[in-house]
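Here is a friendly walk through some charged pairs and a helix contact. Have the model open and follow along.

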Amino acid sequence: MSPVESILKKTVIVLSIILALMLIYLTARSFYRSHSSALAESAAAVPEAAPIPESEPEPESVPVSRGAPLILLDDEEISSEIRRIAEEHEAVGIQVSIINDGEVIASFADGWATIDDDPMTVDHKIRIASVSKVIVGMTAMLLQEDGVIDIDADIGEYWDVEARNPSYPDIPITIRSILNHTSTISTYEYGFSSAASIRNRLTYSYISAEPGSIDSWCYNNYAFQVLGATLEVAADQTVDDILRDKLFRPMDIDASFAGGDLQNTDLLATLYRGYTVEQSVGTQESFHLDETPGENSIYYAGGLTISAEDLAKLVALLANDGIYQHRRLMQRESVALMETYNRQPLEDDTYQALPLLFVPELYGRGGIYFHSGAAYGIYSCISFDPETGDGVVVLTTGADGGADRYGIYNICDAINKYIYKVIR
């Protein structure tokens, strides 16, 4: 090969390499341009991450959601059915409040607060009888949260006495045993008991049964008088004052264990048995708590006076594990403690909690907690489904009596059946 041919051959090879490199470059540039715009658009479509707040709210500061939206109600239809049930059971007055998913969603009223003078409204205040015990129980839980009491401590510690059942001297009498009606404290006729009287009776007055055993169960109004007085002595406040600070003010509730201490006594309802006055408005206005802690025991077995709507707020607090309207007011553990029931059923097939009762299957629900009340012609009931956060509050005056196998009064049972079906 001549020198010229050799040079030409080398030139062709070099040019071929250069051409190949140029083709690679052009292909790469084309690919980049065609994809860079898409990448830019994709980047623009992704929003910037929200800045992390300096202080994250605690998980318990928001309401517990069970996944079911609040339902829409036909108020006219519900009002009509409540009126029909009230007339069937000859009620003078009735209030009903409905809880759905831990929120009070509706309240209804019908009949008379005072016959031929004052129509019943959702704002009227009615004494709720033994349902009051649940609110006393809530007070005990709040004081335990603050370290003021221990529901498993010897109750004698708060009275500076030896509180023992002589038949079982090694077993202390506790607040827990009062809450579940197993304290073995002797029952007394419902009435006034001074702090001195309670202190004295705690040293000797018991039935012959083992304290704290479900086999010793005996429904005991007097023991709840003792409990209310004990809470006052331990906290050095009346139960009203404790609840006003902890629940009533934050929840915008007007209620009292003494009717005369309500903010607005003009809203008191007359209490009727049939159409006979059992307690007039004037009589209720004369009730006032003694400012001396421990001297108000008479009110704590059944004296709370409140509207169904305000009572429903407290039931919603329990149904929503201690949260009301985005705010935790009771610890979840306190609510769980109140819902803890003995696995041995009572004779009526209910299960005793603190002091709620539990029925595994009721009103088409997997389980219902409830408490009933009856006094001075009042029939009352609170109930809630802990799984869904649904609940019903019924307060009545003057209705006929009778109750189902669980002790839920007939008019309350009829309302409960209807409402739980509506909000299913």
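In this predicted model, the side chains of Asp154 and Arg164 come together in a salt bridge, with 2.4 Å from N to O. The two partners belong to distant parts of the chain: Asp154 sits in the loop between H3 and H4, while Arg164 is in strand S5 (residues 164-165), 10 residues apart. Are these two residues buried or exposed? Both Asp154 and Arg164 are buried.

The loop between helix H3 (132-145) and helix H4 (156-159) also holds Asp152, whose partner Arg176 is found in helix H5 (residues 175-179), 24 residues apart. Their side chains form a salt bridge at 2.6 Å, N to O. Here the surroundings can be read from the accessibility: Asp152 has a relative accessibility of 41%, so it counts as partly exposed. Arg176, at 26%, is partly exposed as well.

A further pair is Asp385 with Arg365, where the salt bridge spans 3.1 Å from N to O. Asp385 lies in the loop between strand S15 (378-384) and strand S16 (391-397), and Arg365 in the loop between strand S13 (357-359) and strand S14 (368-375), so this pair ties together parts that are 20 residues apart in sequence. Asp385 and Arg365 are both buried.

Here are the three pairs side by side:

| Acidic residue | Basic residue | N to O distance |
|---|---|---|
| Asp154 | Arg164 | 2.4 Å |
| Asp152 | Arg176 | 2.6 Å |
| Asp385 | Arg365 | 3.1 Å |

How many salt bridges does the structure hold? The count is 17. Some salt bridges join up: Glu81, Arg84 and Glu88 are linked in a network.

Now back to H3, this time for its packing. The axis of H3 and that of helix H8 (residues 239-248) come within 10 Å of each other, crossing at roughly 70°. Because of that angle, H3 counts as roughly perpendicular to H8. As for handedness, the crossing of H3 and H8 is left-handed.

Which residues make this contact? From H3 come Ile135, Met138, Thr139, Leu142 and Leu143, and they meet Val239, Ile242, Leu243, Lys246 and Leu247 of H8. By type, the residues of the contact between H3 and H8 are 8 nonpolar, 1 polar and 1 charged.

To recap with both themes in view, the loop between H3 and H4 contributes Asp154 to a salt bridge partner in S5, and H3 itself crosses H8 at roughly 70°.

Notes. Residues are numbered from 1 along each chain as its sequence is written. This is a predicted model: local features need pLDDT of at least 70, side-chain atom pairs count only at pLDDT 80 or more; totals for chains, interfaces and linings use all residues. Side-chain values use heavy atoms; hydrogens and water are left out. A salt bridge is a side-chain nitrogen of Lys or Arg within 4 Å of a carboxyl oxygen of Asp or Glu. Helices (H or I, at least four residues) and strands (E, at least two) are DSSP runs, numbered from the N terminus. Buried means under 20% relative accessible area, exposed over 50%, partly exposed in between (1.4 Å probe, protein chains only). Axes are lines fitted to C-alpha atoms, for helices over the stretch in contact, and angles run from 0 to 180 degrees between N-to-C directions. Angles under 35 degrees count as roughly parallel, over 145 as roughly antiparallel, 65 to 115 as roughly perpendicular and the rest as oblique. A crossing is left-handed if the near helix is turned anticlockwise from the far one by less than a right angle, and right-handed if clockwise. Contact means heavy atoms within 4.5 Å. Ala, Val, Leu, Ile, Met, Phe, Trp, Tyr, Cys and Pro count as nonpolar, Asp, Glu, Lys and Arg as charged, and the others, Gly among them, as polar.
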